[in-house]
Structures are given as C-alpha cells and as structure tokens.
Amino acid sequence: ARCLYGNGHTLSNISVDLSECSYVGVVSEGAVQDLMVKNSTFIGVDYVGSIAGKEKHSSSLTITSCSAEGVNVQGENYVGGLFGDLQAEVQDCIVKGTVSADNGDYVGGIAGYATKDINQCGFEGEVKGIEYVGGIVGSSNYDVLKSYVKGDVVGSSYVGGVSGYGGCLNSYHIGNTTGTSNVGGISGYEYNARNCYSYGTVSSD
C-alpha cells in the first residue's frame, strides 16, 4: 500500500528487537498517517523509527497526526523517534521517549534525516548520537517550523537542541545541549534561523 492510515488508532506494548537488521518500525518502508505508538521499543541498525524506518511517499503527501509516547528507539545511523529517514513534509506530530544511536549519526527526536519541512511538531525526552544530532531532526536541508523540544540532546559534532544541521523558525528548546564541536541550543549548524530561543546549558568540550 502507498500509505497506511491509522485512523486515530493506537498500537501499544510492541517490542521489535532486530539488532542485526535495518529498516525497522511499524512499517519498514512506507508512509503512515494518523497513528499513535505507545509504550514500545524498536531496535535496529540503520533506518530505525517507531512509525517507519524509511518514510516513502507520493510527492504530494504530508504526514500528519502521528505520535509516539513512552517509546525507546535505538539504532546506529538514521534513527528517529518517528522516522529514521523522512522524505515527506510532516506536521502535528509529537514524540515522548528516548532516541539513541550510541555509535552512529543522523539522530533526531522526530526524524534522523529529513528532505522536507517539519512543522508544528514536538519532542519530549532525550536524544543521543555522535554526529548530526537534534531534538527534532538530525540533519535537513529544509526547515523546522513552530516546533519545540523539552529535554537533553547529546552528541559529538553538529549537535543542536532543535536540529543538528538545518534551518529553524519560530521554535524553541528547553534543556541542555552537549557536544564537542558545532554545538548550539537551537542548531549545531544553521543557515536560516529566526524567532527561536533556547533555555538551558550548551556545553562543548
């Protein structure tokens, strides 16, 4: 199917431990709308998310109303609270939980990597990775708009409270940001930032 429509339903108490596999999520590759995942764990290698390891879609699709609460998402590269790799615009999505890639890159509270805007989304919890680590998105050539992060973001380089690398508009981060280089309360590296604020400690070794 081109898109899985959740119609507001909740999937609870899922444990997906595929520690030697990539493309891990409720769907491995595909698009999902209007679905909540609760109290669940997803473990994989690359492209790991609670909703989809890699979001694939028609060019006109906007992902809306997906959320995750009490989730633990773990992987190596391209790891996100909802999507490991996001190829569509996304809005009105919230994640509460932990997202980690102890030895990997492109890690974000909503998406590890994104190729479209992320609008009106939120993340509450902790994000950990190595390079390109952000409270909303690890890396994107597009913008994060009207979004928030509440929690700590930890990495090495290109570490940001909202985005590790990318633009940020009308968004905020409450929490600490820690890294070694290119570290910021909003973005580790930004090319377009307006009307944003960060409240917390920014540490760079």
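Tyrosine 132 counts as buried in this predicted model, because its relative accessibility is 18% and the cut-off for a buried residue is under 20%. Ring pairs link tyrosine 132 into a cluster whose other members are Tyr23, Tyr47, Tyr78, Tyr106, Tyr113, Tyr158, Tyr165 and Tyr189. The points below begin with these rings and then turn to a surface patch and two serines.

**Aromatic pairs**

- Across the whole structure, a search finds twelve aromatic pairs.
- One of them is formed by tyrosine 78 and tyrosine 106, a stacked pair with 4.8 Å from centre to centre and 5° between the planes.
- This pair links distant parts of the chain, since tyrosine 78 belongs to strand β12 (residues 77-80) while tyrosine 106 sits 28 residues away, in the loop between β15 (94-100) and β16 (107-108).
- Tyrosine 106 also pairs with tyrosine 132, and this pair is stacked because the ring centres are 5.0 Å apart and the planes stand at 5°.
- With tyrosine 106 in the loop between β15 and β16 and tyrosine 132 in strand β20 (residues 131-134), the pair ties together parts that are 26 residues apart in sequence.

**A nonpolar surface patch**

- Tyr142, Tyr189 and Tyr191 make a nonpolar patch of about 300 Å² on the surface, and Tyr189 is also one of the residues in the ring cluster.
- Tyrosine 191 is placed in the loop between β29 (187-189) and β30 (193-194), where tyrosine 191 is partly exposed, with a relative accessible area of 38%.

**Serine 140**

- Serine 140 lies in strand β21 (residues 137-145) and is buried, its relative accessible area being 3%.
- The side chain of serine 140 reaches the backbone oxygen of alanine 114 at 3.0 Å, and a polar atom of that side chain lies 3.0 Å from the backbone nitrogen of tyrosine 142, a residue of the surface patch.
- Leaving aside residues up to four places away in sequence, serine 140 touches Ala114, Lys116, Tyr165, Gly166 and Tyr191; among them, Tyr165 belongs to the ring cluster and Tyr191 to the surface patch.

**Serine 181**

- Serine 181 is found in strand β28 (residues 181-184) and counts as partly exposed, at 32% relative accessibility.
- Although serine 181 and serine 156 are 25 residues apart in sequence, their C-alpha atoms are 6.5 Å apart in space.
- When residues up to four places away in sequence are not counted, serine 181 touches Ser156, Ser157, Tyr158 and Ser204, and of these Tyr158 is a member of the ring cluster.

Conventions: Residues numbered from 1 in each chain as written. Predicted model: local features only at pLDDT ≥ 70, side-chain atom pairs only at ≥ 80, totals over all residues. Heavy atoms only, no water. Phe/Tyr/Trp six-rings, centres within 6.5 Å; stacked < 30°, edge-to-face > 60°. Helix = DSSP H or I, 4+ residues; strand = E, 2+ residues; numbered from the N terminus. Buried < 20%, exposed > 50% of the residue type's maximum accessible area, 1.4 Å probe, protein only. Patch = residues over 30% accessible without salt bridge, like charges linked within 9 Å, V, L, I, M, F, W, Y side chains within 5 Å. Areas by Shrake-Rupley, 256 points an atom, 1.4 Å probe, with all protein chains shown as cover. Salt bridge = Lys/Arg side-chain N within 4 Å of Asp/Glu carboxyl O. Polar contact = N/O pair within 3.5 Å; in protein donor to acceptor, adjacent residues only side chain to side chain. Contact = heavy atoms within 4.5 Å.
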